[in-house]
Amino acid sequence: MNTSILPFVAFVAGAAIAAQAALNSQLGLLLKNPVFATVVAFSASLVFTTLALVFAVRRVPDSSSLQSVPFYLWFTGGLLSAFAIASFYWLIPKIGAGSVVSAALTGQILLAMIAGHFGWFYLPVVPVTAVKLLGVVLLVGGSLLINKF
């Protein structure tokens, strides 16, 4: 596999997150309930990922793999996703998609860099360098400018 395309795939995935957040926040406004919009979004996600599983995945985990998963991993990702997505749908109509996504991206990168630096969540250790620290400072500054703080 050509790994040079992977950052572009990540870029497109990020754009997809911004687009779905904007579209589903509109759904939340029309339904007058961002939590219900989150349920709709996750229900649609379940349908599409189930179809992907049925048609694209050639091997499913065996029972020993399923049993080896710690209890908390079965629900914490979904809990955090539901919180984040519902928060997006609630915030976007109030402060705009650009403000929400820039602040969220800043939070994602800060936690990802700290977690990577210390190896939290079993991530590979990737030390924070002076250049990366400068990037974070510029990112935070850009987010502050976007959000007009």
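Reader: What makes Met1, Ile5, Leu6, Phe8, Val9, Phe11 and Val12 a patch?

Author: In this predicted model, these seven names belong to a nonpolar patch on the surface, and together they have about 770 Å² of accessible area. Nonpolar side chains are joined into a patch within 5 Å, provided that each residue has over 30% relative accessible area and no salt bridge. Val9 meets the area condition, because its relative accessible area is 46%.

Reader: Why is Val9 called partly exposed?

Author: Exposed means over 50% and buried means under 20%. Val9 has 46%, so it falls in between and counts as partly exposed. Its place is in helix α1, residues 6-31.

Reader: Why is Thr38 called buried?

Author: Its relative accessible area is 6%, and the cut-off for buried is under 20%, so Thr38 qualifies. Thr38 lies in helix α2, which covers residues 34-56.

Reader: Which residues is Thr38 in contact with, leaving aside its neighbours within four places in sequence?

Author: They are Ala82, Ile85, Ala86 and Tyr89. Contact here requires heavy atoms within 4.5 Å.

Reader: How many of the 149 residues count as buried, as a percentage?

Author: For the protein chain the figure is 16%. The chain exposes about 11100 Å², and carbon and sulfur atoms supply 77% of that area.

Reader: How do you know what span to expect for helix α6?

Author: Helix α6 has 17 residues, 130-146, and the rule is 1.5 Å times one less than the number of residues. That gives 24 Å; the end C-alpha atoms are 24 Å apart, so the expected span and the model agree.

Reader: Where is Gly142, and is it buried, partly exposed or exposed?

Author: Gly142 is in helix α6. Its relative accessibility is 26%, which lies between the cut-offs of 20% and 50%, so Gly142 counts as partly exposed. The C-alpha atom of Gly142 is separated by 9.6 Å from that of Ala103, a residue 39 places away along the chain.

Reader: What comes just after α6?

Author: Lys148 is found there, with a positive phi of about 55 degrees.

Reader: What pattern does the protein chain follow along the sequence?

Author: The pattern is α-α-α-α-α-α, with 6 helices and 0 strands. The C-alpha atoms fill a box of roughly 50 × 45 × 35 Å along the principal axes. Among contacts between residues at least 6 apart in sequence, 58% join residues at least 24 apart.

How values were computed. Residues numbered from 1 in each chain as written. Predicted model: local features only at pLDDT ≥ 70, side-chain atom pairs only at ≥ 80, totals over all residues. Heavy atoms only, no water. Helix = DSSP H or I, 4+ residues; strand = E, 2+ residues; numbered from the N terminus. Buried < 20%, exposed > 50% of the residue type's maximum accessible area, 1.4 Å probe, protein only. Areas by Shrake-Rupley, 256 points an atom, 1.4 Å probe, with all protein chains shown as cover. Patch = residues over 30% accessible without salt bridge, like charges linked within 9 Å, V, L, I, M, F, W, Y side chains within 5 Å. Salt bridge = Lys/Arg side-chain N within 4 Å of Asp/Glu carboxyl O.
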